[in-house]
Amino acid sequence: MIGATVTLSPTLRVSLTALALVLTAAPAVAHKDKTPKISEYAPTLSQPMPAPVANGAIFQASMGYAPLTSGARAAMVGDLVTIVLVESTQAQKTNSASTDRTGSIGLQPPPTGPLSFFKATDTQMGGTSSFAGKGAASQSNQLTGAITVTIAQIYPNGTYLLRGEKHLTLNRGDETIQISGIVRSTDIDSTNSVLSTRVADARITYTGKGEIARASSQGWLGRFFSRISPF
């Protein structure tokens with residue numbers, strides 16, 4: 001067996017000690033979480049059903065409750081419901097105002113005395129002022145179509161939380177429709193459809209991106225000057 005002894009100089013020993021302290025104190029590199037974020041409008045999938053209990057009963061509460069009169073209506077988390085979009089709003093407002101005011105004054109100077117040099121036309125005054133204003137505003141919106149969403153949650157009072165989205169990729173851009181809201185189970189018809197006017201706390205978003213959307217929007221420099229313009 002061959003033995004060897006290595007002798008370190010004091011300067012090298014101090015450098016190695018400092019390097020060990022730096023490596024010990026250095027925080028571990030945090031790895032980025034690559035888990036994809038779940039969208040707020042992501043569909044809610046139905047959970048696996050538990051094994052039925054062999055108790056001889058026809059009705060099993062674990063399978064969800066749906067009246068026999070409702071047929072195949074959606075009644076469980078993850079079931080599909082079609083929302084028919086029939087949104088139509090219209091607003092109109094007009095106002096007008098006008099004012100008119102006229103005033104005059106006249107004095108008759110005395111025919112004799114120190115003020116007799118004034119003429120009758122020198123002591124007459126008159127003034128008029130008028131104002132007229134008018135304004136009008138109108139707006140109308142319409143959205144038609146259909147989107148199928150899922151039941152995300154069932155509340156104790158029998159209402160359902162619906163949410164979902166639809167993405168359309170066209171040759172000139174992308175279109176996205178997102179909707180969420182609360183509906184009553186009785187408002188869902190036999191075809192598992194419900195009108196958007198029956199959705200409470202409805203949040204409907206219709207957006208698009210692409211060359212058509214860019215062409216119809218103002219440029220960043222124009223938006224900047226329109227914000228700071230005093231006119």
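Is Asp201 buried or exposed at 53% relative accessibility? In this predicted model, Asp201 counts as exposed, since its value lies on the far side of the cut-off for that class, which is over 50%. The residue is found in strand E6, which comprises residues 200-209. Its backbone is marked by a phi near 50°, a positive value in a residue other than glycine.

A positive phi is also found at Asn192, where the angle is near 60° and the residue is again other than glycine. Asn192 is placed in a loop, namely the one between strand E4 (173-184) and strand E5 (193-195). With a relative accessible area of 17%, Asn192 is buried, because the limit for that class is under 20%. The two positive phi values thus belong to a residue in a loop and to a residue in a strand; the loop residue, Asn192, is buried, whereas the strand residue, Asp201, is exposed.

Attention then turns to the charged side chains. Side chains of opposite charge can pair when their charged atoms come close. The count of salt bridges in the model comes to 1. This contact joins the side chains of Asp187 and Arg184, with an N to O distance of 3.0 Å, which satisfies the criterion of within 4 Å. The partners fall into separate accessibility classes: Asp187 is buried, with a relative accessible area of 18%, while Arg184 counts as partly exposed at 45% relative accessibility. The salt bridge therefore links a buried aspartate to a partly exposed arginine.

How values were computed:
Residues are numbered from 1 along each chain as its sequence is written. This is a predicted model: local features need pLDDT of at least 70, side-chain atom pairs count only at pLDDT 80 or more; totals for chains, interfaces and linings use all residues. Side-chain values use heavy atoms; hydrogens and water are left out. Helices (H or I, at least four residues) and strands (E, at least two) are DSSP runs, numbered from the N terminus. Buried means under 20% relative accessible area, exposed over 50%, partly exposed in between (1.4 Å probe, protein chains only).
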